[in-house]
Amino acid sequence: MTGTVAASAESLICVIDDDAEVRGSLESFLRSCDYAVRTFASPDAFLACDAADAAACLVLDVQLGDANGLDFQEQLLGSDSHLPVILISGHGDIPMTVRAMKAGAVTFLPKPFEEDEMLRAIAEAVARDRERRAKRNESALLRARYDGLTGRERDVMGLVTAGLMNKQIAGRLALSEITVKIHRGNLMRKMEAESLADLVRMAEALGVREAVSRYNHG
């Protein structure tokens, strides 16, 4: 190994290759770089394992006996899986590479590949996975905050982010303006929004603002 790449045992790398020698070699190499590793002889074996959900990266051979790695990559994409995939093949060509990249592969490495090339590709894949998981966690947290609002606070949030002023919202909801201000203050605190622009961004992420855009008219 001629270079160093940051690695973490918290990052699980899964390998699918029907060649036991390749699986063993990759597993030994990646473990020596402090990655956790699980190997599989087929896509079905991978899908049947709980590791599939925990994986940060999938190293996937194209030629898998009766299976095709490119087909499996596209199957994952079609199932809304965002697992970063690194394709490897001893018989790669330009159309194969183009197909892999169009389906979102991190890269396509021909066998035999350089260790440093593999490490760089895995580091990029792990970084993508961490960003994806962080966004998913942020989305879940945002949804939990929104679910914690009262029905009236959601009404006010929808109207505020649709661009209505407190007085207009009061008229729409048959409330006093001071009551609207109280609801607005409460929902800002519960959503942990620092500004109206921040709240609008949250509403857009939740899909709430679009649903109430009709309030901008009339």
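This passage describes the sheet of a predicted model, the helices that lie across its strands, and one residue of helix α1.

In the predicted model, five strands form an open sheet in the order β2-β1-β3-β6-β7, and their pairing is parallel. The edges of this sheet are taken by β2, which spans residues 36–40, and by β7, which spans residues 107–110, each of them pairing on one side only. From one strand to the next, the twist averages 20 degrees.

Strand β1, residues 12–16, stands between β2 and β3 in the strand order. Towards β2, the pairing of β1 is parallel and extends over five bridges, with Cys14 standing opposite Arg38 of β2. Towards β3, β1 is likewise joined by five bridges in a parallel arrangement, and here Cys14 stands opposite Leu58 of β3. The surroundings of β1 can also be described by the burial of its residues: Leu12, Cys14 and Ile16 are buried on one side of the strand, while Ile13 and Val15 are buried on the other, so that both faces are covered. Because five of the five residues of β1 are buried, the strand is largely enclosed by the rest of the structure.

Further along the strand order, β3 is followed by β6. Strand β3, comprising residues 55–61, runs parallel to β6, comprising residues 85–89, and four bridges join the two. Within this part of the sheet, Val59 stands opposite Ile86 in β6.

Two helices may be described in relation to these strands. Helix α1, formed by residues 20–32, lies across β1, β2, β3 and β6, and its direction makes an angle of about 175 degrees with that of β2. Together with β1 and β2, helix α1 makes a β-α-β unit that is right-handed. Helix α5, formed by residues 94–102, lies across β6 and β7 and runs at about 150 degrees to β7.

Within helix α1, Ser32 may be considered individually. Ser32 counts as exposed because its relative accessibility is 54%, a value that lies above the cut-off of 50% used for exposed residues. The side chain of Ser32 nevertheless has a polar contact within the chain, reaching the backbone oxygen of Phe29 at 2.5 Å. Ser32 is thus exposed at 54% relative accessibility, whereas the residues of β1, Cys14 among them, are buried.

How values were computed. Residues are numbered from 1 along each chain as its sequence is written. This is a predicted model: local features need pLDDT of at least 70, side-chain atom pairs count only at pLDDT 80 or more; totals for chains, interfaces and linings use all residues. Side-chain values use heavy atoms; hydrogens and water are left out. Two strands pair if DSSP finds at least two bridges between them. Axes are lines fitted to C-alpha atoms, for helices over the stretch in contact, and angles run from 0 to 180 degrees between N-to-C directions. Contact means heavy atoms within 4.5 Å. Buried means under 20% relative accessible area, exposed over 50%, partly exposed in between (1.4 Å probe, protein chains only). A polar contact is a pair of N or O atoms within 3.5 Å; within protein, one must be able to donate a hydrogen and the other to accept it, and residues adjacent in sequence count only if both atoms are side-chain atoms. A crossover is right-handed if, with the strands pointing away from the viewer, the path from the first strand over the helix to the second runs clockwise.
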